[in-house]
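Today I sat down with a new model and my notebook. My plan was to look at the ligand site, then the overall build, then how some helices pack.

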Amino acid sequence: MILEVKDLRLAFGGVRAVDCLSFSVGVGEIVSVIGPNGAGKTSAFNCVSGFYQPTGGTVRLAGEDVTGRRPSAIAARGLARTFQNLRLFGELSVLDNVRAGTHLWLKQRAVDALLHTPRYRRSEREATDEAHKWLDFVELRGDRAGLVRNLPYGEQRRVEIARALARRPKLLLLDEPAAGLNHGEKAELLTLIRRIRELGVAIALIEHDMGLVMEVSERVVVLNFGKEIADGRPDDVRRNPAVIEAYLGRDTDDDEVHAARTELAGEGTQHA
Ligand SMILES: Nc1ncnc2c1ncn2[C@@H]1O[C@H](COP(=O)(O)OP(=O)(O)OP(=O)(O)O)[C@@H](O)[C@H]1O
C-alpha cells in the first residue's frame with residue numbers, strides 16, 4: 001500500500017468533518033473519493049497532505065507514519081497534490097510554475113546560487129529540462145514563457161498537474177480536476193490520469209463528475225457526513241442503495257450533484 005488511512009477524524013467545533021475514515025490506495029492504483037457536498041472529502045485530503053492536523057487516527061505514506069506532519073515533510077516523502085481552486089503562482093511564467101515543483105528534489109546550495117557557480121547553472125538547466133518534460137507530458141498547448149494567469153482555465157489545470165508531477169511523487173492527490181472543464185477537456189483528463197498511472201504513480205481523486213469517476217477508477221470510496229458508506233469497484237458502488245440514497249436524500253441546487261444523482265440513480269436502477 002502506498003497510502004493507508006486509519007480511523008481518521010477531524011472536527012471543526014461540533015462538526016465532524018471526517019469521522020473514523022479508513023481507506024487505502026495501492027501502488028499504481030486509481031482510487032476515487034466521492035460523496036455529496038460537505039461530505040468531508042477535501043477535509044480528508046487536507047489531513048492526508050498535512051494541511052490540517054487530524055483530531056485522531058493515522059496516515060501512513062509508503063509505510064511511514066506521517067500523521068500530523070507538515071505539508072512539506074509529507075511532500076518530501078512522495079505525496080503531491082492539486083487543489084479544488086487552482087493554486088498557481090499567477091505572476092510567474094508557466095515554465096517557472098512547473099520548475100518550482102522540481103525544487104523538492106533538486107539539490108541546490110545557497111552559496112552556489114549566490115555565486116552563480118557552474119554547479120548552480122547545471123541544476124537550473126536540469127530544472128528547466130524537467131519542467132519542459134512534464135509540460136510535454138500534460139500536452140500543454142499555451143505559451144510556456146508567458147504568465148500562467150494568462151492561460152485559459154483548462155490549460156492552467158494542466159500546469160498544476162505538471163507541477164505536481166515535477167515533484168516526482170509516488171502518490172498524486174487530485175482535488176476535483178474536472179471542475180470547470182468542457183466535455184473535450186474532460187475526455188483528455190481521463191486519458192492523462194491513465195497515463196500518469198502508467199508511470200507507476202498512484203492516484204487518489206476527489207471528483208463530482210460521476211462519468212469520469214466510474215470510467216477511470218479501480219476503486220471508489222464513498223463518504224457521507226464524514227463517514228465511509230461504501231468502498232468497492234465502481235459497478236458495485238453505483239448500485240449500492242446507501243450511495244444512491246446519500247445523493248438522492250439531499251436537497252441541493254448544485255448542478256454537479258444533480259448530474260451525479262442522474263448518473264447513479266439511472267445506472268443503479270438499470271443494473272439492480
Ligand atoms: N475550515 C473549516 N472550518 C469549519 N468547518 C469546515 C471547514 N472546512 C470544512 N468544514 C466543514 O466540514 C464539512 C466537510 O467539508 P469538506 O469541504 O471537507 O467537504 P467536501 O466533501 O470536500 O465538500 P465539496 O464537495 O463541497 O467540496 C462540512 O460540513 C464543512 O462545512
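**Entry 1, the ligand shell.** I asked which element gives the largest share of the shell around the ligand. It is helix 1, with three residues. A reminder to myself: this is a predicted model. I then wrote down who surrounds the ligand: F12, V15, A17, G35, N37, G38, A39, G40, K41, T42 and S43. Two elements give two or more residues to this shell, namely strand 2 (15–25) and helix 1 (41–48). Sorting the shell by class, I got six polar, four nonpolar and one charged residues.

**Entry 2, the whole chain.** I stepped back and counted elements: the chain holds eleven helices and ten strands. Next I looked up the extent of the C-alpha trace, which spans about 65 × 40 × 35 Å along its principal axes. Does that go with a compact globule or not? For 272 residues, such a globule would have a radius of gyration near 19 Å, and the chain has 19 Å, so the two agree.

**Entry 3, helix 3 against helix 6.** Back to details. I picked helix 3 (residues 94–102) and helix 6 (residues 153–165), whose axes come within 7 Å and cross at roughly 30°. Since angles under 35 degrees count as roughly parallel, helix 3 is therefore roughly parallel to helix 6. The crossing of helix 3 past helix 6 is right-handed. From helix 3, the contact uses V94, N97, V98, A100 and G101, and helix 6 answers with V159, A162, R163 and A164. I sorted the residues of this contact too, and they come out as six nonpolar, two polar and one charged.

**Entry 4, helix 3 against helix 5.** I stayed with helix 3 and turned to helix 5 (residues 118–137). How do their axes meet? They come within 8 Å and cross at roughly 110°. That angle makes helix 3 and helix 5 roughly perpendicular to each other. The crossing of helix 3 past helix 5 is right-handed. On the helix 3 side I noted L95, V98, R99 and T102; on the helix 5 side, A127, T128, E130, A131, W134 and L135. By class, this contact has six nonpolar, two polar and two charged residues.

**Entry 5, a cross-check.** I put the two contact lists next to each other and looked for V98. V98 is in the contact of helix 3 with helix 6, and V98 also turns up in the contact with helix 5. I marked V98 in my notes and closed the book for today.

Definitions and conventions: Residues are numbered from 1 along each chain as its sequence is written. This is a predicted model: local features need pLDDT of at least 70, side-chain atom pairs count only at pLDDT 80 or more; totals for chains, interfaces and linings use all residues. Axes are lines fitted to C-alpha atoms, for helices over the stretch in contact, and angles run from 0 to 180 degrees between N-to-C directions. Angles under 35 degrees count as roughly parallel, over 145 as roughly antiparallel, 65 to 115 as roughly perpendicular and the rest as oblique. A crossing is left-handed if the near helix is turned anticlockwise from the far one by less than a right angle, and right-handed if clockwise. Two residues are in contact if their C-beta atoms, placed from the backbone, lie within 7 Å. Ala, Val, Leu, Ile, Met, Phe, Trp, Tyr, Cys and Pro count as nonpolar, Asp, Glu, Lys and Arg as charged, and the others, Gly among them, as polar. A residue is near a molecule or strand if its C-beta atom, placed from the backbone, lies within 6 Å of it. The radius of gyration is taken over C-alpha atoms; the globule rule is 2.2 Å times the number of residues to the power 0.38.
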